[in-house]
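Student: Please give me a close look at one chain and the contacts that belong to it.

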Protein chains: 2
Amino acid sequence: MMSKPLEHEPQPVGRFAPDLQPRLSALLAPIRPMLEEVERILVEEADSAPPPLDEMLHHAIAGGKRMRPAVILLLGSLLSGDPDHLAQVAVAVETLHVATLIHDDMVDDSPVRRGHETIHVRWSVRDGVLAGDYLLATAAKGIAALEDPQLMGVFAEILTTVCIGQIRETHTAPGEIRGLDVYRRDIEAKTASLIAGACEMAAMTSNGSEAVCMRAREFGKRLGVAFQITDDVLDFVGNEPRLGKPLGSDLRQGLLTLPALLYIDKGGADDGVLKVIGADGDRSPEAVAAAIEMIQASGAIDAALAEAQEQAQAALAILTELDTPERTGSVALRDALRGLVTYTVSRGR
Amino acid sequence: MMSKPLEHEPQPVGRFAPDLQPRLSALLAPIRPMLEEVERILVEEADSAPPPLDEMLHHAIAGGKRMRPAVILLLGSLLSGDPDHLAQVAVAVETLHVATLIHDDMVDDSPVRRGHETIHVRWSVRDGVLAGDYLLATAAKGIAALEDPQLMGVFAEILTTVCIGQIRETHTAPGEIRGLDVYRRDIEAKTASLIAGACEMAAMTSNGSEAVCMRAREFGKRLGVAFQITDDVLDFVGNEPRLGKPLGSDLRQGLLTLPALLYIDKGGADDGVLKVIGADGDRSPEAVAAAIEMIQASGAIDAALAEAQEQAQAALAILTELDTPERTGSVALRDALRGLVTYTVSRGR
């Protein structure tokens, strides 16, 4: 597949990719009313901000897949958590997630997110800084309202870890060949820590035992790692209009993710790819497209996807063993969680 | 006094302006060991961040006057609060304050703070975003560790209010003539809410009654308003090397603060000043210096300082009436708080 400059089509606002949407929509049926409540609160939060912040917030929350709320609501319901509390945690986690996206887009200077202009481009850098800060504060307020100090501790820990992950990635020199272990540590911090913390909070809100909370956390971590690896693979093989951004964005910035690192690890560093991805590489669209083809042809994409699959399998195994109370609808909730895990890694196929 | 482009001299790092330092230093003697503990924890926080974030954080915390920690420690000690808890609140509030300064400097694109280059200039905008976020998270973690949900609620509320105040000011059009009430609302949100919340938290940490917590909050609000008005006046009459920035910075950005707004309110809007401060004003250094002279000559500076004095008097009155437990050293603590309030407004003279 060739990379070329992309005419951005607006993505369908909200929800999952069109071909997977019907199946996922059916899986999410048991928590549909709760997801709608989460959506309602998110919109209400945006409405209650003073102008022009309200408009920025509506723009920022639109089009999200709400994967994190879905995981929280499914896992928390499986553990018989209180629906209102779970919805509040789901809103706070999604709000935190949107805040980090606004700031990440500034850090990466990304012009487009979900097929729409990013906040700092459409408004300004100063508005991006403040809108992100406001959402961080709103998320913290939402968790504080639940009056559970342990929950607040997990929440605050997530944010420091995400920042550390982002800072590490930002200070990865262009073309730097990270060790595979360093890559794995970095994606755990920047992506998986939020989903791990979200799952732990879902279990805490449901009064899960400490052992259950730790298993829930591990489930989220595995899911988060699988998700990020798949995302990194999609930058090599994805469907551009659906991604909402051109292929090869990472390579063009000199950021080497798992497929490139596996390719180099297998001894591919000495040929043409290094000319593209090295510190002084030629990062023209043509050169990047050629590098993508070489990496694809090497089998490194399949190896990366296999690693994502392995993480997803580990998440599914935790789910099977998870000690959950007997309740009506458990089977449907567990099936939906399985479906979400499977969807996460199947995006790359 | 004429405004002219400034050669920035580095400010003495840390502590108050040199001429006031000996007196304040004596006043702060009762809480000196606690202030040193706060300083130690702030340095430890910076040390514990991964490179190059640690260096940015050391840069960001250096040279602060620690006014907010001083107020928290004095007020909390007067209310017989636990020294360790008070130190933790003081560290969290100062950490939050430094985080907002980093982001504010990006929002205002200020190149210099406390006589040193700002983070986004010395490093980069992306580093400024992330360093600020990391400190916000660290502050939230510090408060979460105290395991008091009400405290966390006040803390989260502060941050949303500060953001709203900043956004309002940012979206004040250049040269916009805000009503005096709008100006007062804006400085309450962007500056006074943090000091008000800090004082409320100091009282909460000391198990103050709700009435005492509300009085403490009101004390902080008055002090914060007095502080911000004085800061705004200093932009017209301050000592440039000590300010660490050129006079007239606000006017040059088209931001009208109390002295300019009082001048216009008294009917001065139709003359030469409007040519400088209006929407399409001539904001050259010479024009700004001329506008400053007109505003000074009108008596608007004195009127603004009188308003700051009035707020400081209200803060002192609350302090006199505040119901505090009997304890050794109360007189010294109360005197020190009075001294801080007086110092805050005397900076403008």
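Tutor: Let's start with a term: domain bounds here come from an automatic or database domain assignment. For chain A, that assignment gives domain 1 (31-147) and domain 2 (151-322 + 337-349). Bear in mind that this is a predicted model, so local features need pLDDT of at least 70 and side-chain atom pairs count only at pLDDT 80 or more, while totals for chains, interfaces and linings use all residues. As for labels, residues are numbered from 1 along each chain as its sequence is written, with chains lettered from A and ligands numbered from 1 in the order in which they are written.

Inside chain A, the C-alpha centres of domain 1 and domain 2 lie 22 Å apart. Their contact (C-beta atoms, placed from the backbone, within 7 Å) takes 27 residues from domain 1 of chain A and 23 residues from domain 2 of chain A. On the domain 1 side, α4 (67-78), α5 and α7 of chain A each supply at least two residues. The biggest share of that side comes from α5(A), with nine residues. Sorted by class, the domain 1 side that touches domain 2 in chain A holds 16 nonpolar, seven polar and four charged residues. (Ala, Val, Leu, Ile, Met, Phe, Trp, Tyr, Cys and Pro count as nonpolar, Asp, Glu, Lys and Arg as charged, and the others, Gly among them, as polar.)

Now look outward, to chain B. Here 35 residues of chain A are in contact with 35 residues of chain B. Two or more residues of the chain A side come from each of α5 (83-107), α7 (125-144) and α8 (149-170) of chain A. So α5(A) and α7(A) turn up here and also on the domain 1 side facing domain 2. In the meeting with chain B, though, α8(A) gives the most, with 13 residues. The chain A side that touches chain B divides into 21 nonpolar, seven polar and seven charged residues.

How do the two copies sit relative to each other? A turn of 180° with a shift of 0.0 Å along the axis lays chain A on chain B with an RMSD of 0.0 Å. The two copies are thus related as by a two-fold rotation axis. In chain A, Pro149(A) comes closest to the rotation axis, with its C-alpha at 2.9 Å. And 100% of the interface residues of chain A are also interface residues in chain B, so the copies meet through the same surface.

Notes. Two residues are in contact if their C-beta atoms, placed from the backbone, lie within 7 Å. Helices (H or I, at least four residues) and strands (E, at least two) are DSSP runs, numbered from the N terminus. Copies are superposed by least squares on the C-alpha atoms of residues with pLDDT of at least 70 in both.
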